[in-house]
Amino acid sequence: MTEGTTTAAAEGADTLTRLEQEGEIAADYLEGLLDIADLDGDIDMDVEADRASVSIISDAQGRDLQKLVGRDGEVLEALQELTRLAVHRETGDRSRLMLDIAGYRAQKRTELAELGAKAAAEVKSTGEPVQLKPMTPFERKVVHDAIKSAGLRSESEGEEPQRFVVVLPA
């Protein structure tokens, strides 16, 4: 191996270790939260797309966990930010950690990918830009990825919380 290859491999290992540490800190924080709220749930940690990913899952119906998702994922978004702050407090580094509760984000990701594909198909057939409804940063990212995979371009416009995606012809 050359020195450059060795350095890149070491940096990759360092990044993976750092992301795993973020996941551990987040899991500890969330376990404490579940204990305080007297909710049952298991914590699953992973590293996906260069970010730590933590999920709270339940063997039961998950109705109790739905309280942690809230209407349109509002509580989930707030818990994700609090968890990121807990990680930041421990590491001193900004975290891009993703939190999922009861499979909400996974299901939402599937729905948004379909929305992006439909919007791309409409733009391809009409040649006109399509403006989607306001979305959270997570939702916009999923739609942007779907548009890109369809071979089109997209942009985010507007100010939070009314920021939205515009799908553009190729």
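Is Asp72 buried or exposed? Asp72 is exposed, with a relative accessible area of 57%. The views below come from a predicted model.

**Figure 1. The whole chain holds five helices and six strands.**
From the N terminus on, the order of elements is α-β-β-α-α-β-α-β-α-β-β. The C-alpha trace spans about 55 × 50 × 30 Å along its principal axes. The protein chain has 170 residues, and buried residues make up 34% of them. Its exposed surface is about 10,300 Å², with 50% supplied by carbon and sulfur atoms. Take the contacts between residues at least 6 apart in sequence: 55% of these join residues at least 24 apart. Charged side chains number 20 positive and 35 negative. The centres of these two sets lie 7 Å apart.

**Figure 2. Asp72 sits in the loop between α2 and α3.**
Asp72 is not a glycine, yet its phi is positive, at about 55°. Its relative accessible area is 57%, over the 50% cut-off, so Asp72 counts as exposed. Helix α2 covers residues 63-69, and α3 covers residues 74-91.

**Figure 3. Asp50 occupies the loop between β1 and β2.**
Strand β1 runs over residues 42-48, and β2 over 51-57. Asp50 has a positive phi of about 60° and is not a glycine. Asp50 counts as exposed because its relative accessibility, 59%, is over 50%.

**Figure 4. Leu68 is a buried residue of helix α2.**
The relative accessibility of Leu68 is 11%. That value is under 20%, so Leu68 counts as buried. Beyond residues up to four places away in sequence, Leu68 touches Leu34, Leu39, Val75, Leu76, Leu79 and Ile101. For a sense of scale, take Lys124. It is 56 residues from Leu68 in sequence, and the two C-alpha atoms are 39 Å apart.

**Figure 5. The largest nonpolar core has 18 residues.**
Which members touch the most other members? They are Ile56, Leu68, Leu99 and Ile101. At least two residues of this core come from each of α1 (3-37), β2 (51-57), α2, α3 (74-91) and β3 (98-101). Helix α1 gives the largest share, four residues. Another core, of 15 residues, lies apart from this one. Met98, Val130, Phe138 and Val142 are among the members of that other core.

**Figure 6. Leu99 is shown with its contacts.**
Residues up to four places away in sequence are left out here. The contacts of Leu99 include the nonpolar residues Leu30, Val54, Ile56, Leu76 and Leu79. Gln80, Thr83 and Arg105 also touch Leu99. Within the largest core, Leu99 is one of the four residues that touch the most other members.

**Figure 7. Arg140 lies in helix α5 and pairs with Glu160.**
Helix α5 spans residues 137-149. Is Arg140 buried or exposed? Arg140 counts as buried because its relative accessibility is 7%, under the 20% limit. Its side chain makes a polar contact with the side chain of Glu160, at 2.7 Å. Neighbours within four places in sequence aside, Arg140 is in contact with Met135, Ser156, Glu160, Arg163, Phe164 and Val165.

**Figure 8. Glu139 belongs to helix α5.**
The relative accessibility of Glu139 is 8%, so it counts as buried. What does the side chain of Glu139 reach? It reaches the backbone nitrogen of Thr136, at 2.9 Å. With neighbours within four places in sequence set aside, Glu139 is in contact with Lys108 and Leu112.

**Figure 9. A cis peptide bond joins Glu160 and Pro161.**
The omega angle of this bond is about 0°. Where does Pro161 sit? Its place is in the loop between β5 and β6. Strand β5 covers residues 153-157, and β6 covers 164-168. Glu160 is also the partner of Arg140 in the 2.7 Å side-chain polar contact.

Key:
Residues are numbered from 1 along each chain as its sequence is written. This is a predicted model: local features need pLDDT of at least 70, side-chain atom pairs count only at pLDDT 80 or more; totals for chains, interfaces and linings use all residues. Side-chain values use heavy atoms; hydrogens and water are left out. Buried means under 20% relative accessible area, exposed over 50%, partly exposed in between (1.4 Å probe, protein chains only). Contact means heavy atoms within 4.5 Å. A nonpolar core is a set of buried Ala, Val, Leu, Ile, Met, Phe, Trp, Tyr and Cys residues joined through side-chain atoms within 4.5 Å. Accessible areas come from the Shrake-Rupley method with a 1.4 Å probe; for residues, only the protein chains shown count as cover. Lys and Arg count as positive and Asp and Glu as negative; His and the chain ends are not counted. The place of a charge is taken as NZ of Lys, CZ of Arg, CG of Asp or CD of Glu. A polar contact is a pair of N or O atoms within 3.5 Å; within protein, one must be able to donate a hydrogen and the other to accept it, and residues adjacent in sequence count only if both atoms are side-chain atoms.
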